[in-house]
Amino acid sequence: MVLTGAGISKDSGIPTFRGKDGWYKNHPPEELATPMAFNKNPVLVWEWYNYRRKIILSASPNEAHYKIAELEKYFPCFLLVTQNVDSLHRKAGSTKIVELHGNIFRTRCTNCSIEFYEDYRIFKDDELPPKCPHCGGILRPSVVWYGESLNRDDMEQAFSFANKADLILVVGTSGIVYPAAMLPYIVKSHGGIVVEINPDTTPISEIADLKIKDSAKSAFSKLNFDLKS
Ligand code: NAD
Ligand code: ZN
């Protein structure tokens with residue numbers, strides 16, 4: 001099992017939330033990625049999402065995304081759980097994947113709940129906040145914000161997999177966003193192995209059986225799989 005966070009996409013040019021670049025117009029993400037922030041100022045939140053969509057559209061997967069996509073071919077029982085909303089794992093070829101926090105190119109109506117997936121959509125300034133073509137309600141990014149519940153099926157898939165996983169590879173996550181951060185603890189609790197790849201120390205480091213203190217791109221570049229063995 002693999003759990004990834006924003007750190008894996010940093011080498012693809014997408015800022016993390018907690019790094020020094022992870023700020024937008026002096027608003028910390030915890031103040032923008034919330035239902036309250038959206039109710040208060042949907043235009044500001046949409047400007048931030050447009051800005052992030054633009055960065056993500058110009059980014060490509062790196063060695064770490066590609067190697068993880070390869071891993072699923074080696075293990076018949078495999079699951080990638082990502083907290084990222086950037087699609088880079090899918091672009092790299094991963095198919096056994098749960099996007100726990102949604103996808104940045106999905107949009108949902110706050111009134112009738114209809115969902116749209118528009119791969120390349122950047123809304124124009126005068127379209128903000130965008131309106132639902134069906135009912136005229138305000139559209140919101142269909143991602144999981146702080147304080148919101150995760151999709152039930154995604155949760156169920158990730159947590160039941162962690163309950164039987166022999167090993168979890170934890171890559172580029174601060175380990176402080178719950179419930180995603182529980183997954184390594186669940187694997188550990190039934191005797192599974194925890195491997196962490198992160199240049200910094202996180203709460204997960206304390207329970208890691210193996211800690212690779214390196215960037216995801218560099219660590220995965222050194223991993224070579226032998227297809228025949
Ligand atoms: P985070 O920003 O809280 O933490 C990033 C972690 O990555 C840190 O522990 C940092 O030490 C580590 N890191 C930094 N550079 C790295 C590198 N080159 N290689 C490996 N690790 C590196 O991110 P999080 O834990 O994913 O949680 C924050 C929330 O942010 C999530 O809910 C996620 O949905 C959202 N987010 C997503 C994206 C994305 O989709 N790319 C980007 C920013 C934030
Ligand atoms: Zn609607």
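Let me begin with the zinc ion, ligand 2, whose donor residues follow the spacing C-x2-C-x19-C-x2-C along the sequence. Before going on, I should say that this is a predicted model, in which local features need pLDDT of at least 70 and side-chain atom pairs count only at pLDDT 80 or more, while totals for chains, interfaces and linings use all residues. Residues are numbered from 1 along each chain as its sequence is written, chains are lettered from A and ligands numbered from 1 in the order in which they are written, and side-chain values use heavy atoms, with hydrogens and water left out.

The SG atoms of Cys-109, Cys-112, Cys-132 and Cys-135 coordinate the zinc ion at 2.2 to 2.4 Å, where donors are N, O and S atoms within 2.8 Å of the metal (3.2 Å for Na, K and Ca). The angles among the 4 donor atoms run from 97 to 116°, and the site is tetrahedral, a label for four donors that requires all angles to lie between 85 and 135 degrees.

Turning to ligand 1, 26 residues surround this molecule, and Ala-6, Arg-18, Gln-83, Asp-86 and His-101 are the closest; to be near, a residue needs a heavy atom within 4 Å. Oxygen atoms of ligand 1 take part in polar contacts, meaning pairs of N or O atoms within 3.5 Å: one lies 2.7 Å from a backbone N or O atom of Ala-6, and one is 2.6 Å from a side-chain N or O atom of His-101.

Conventions
Polar contact = N/O pair within 3.5 Å; in protein donor to acceptor, adjacent residues only side chain to side chain. Tetrahedral: all angles 85-135°; square planar, octahedral: opposite > 155°, others 65-115°.
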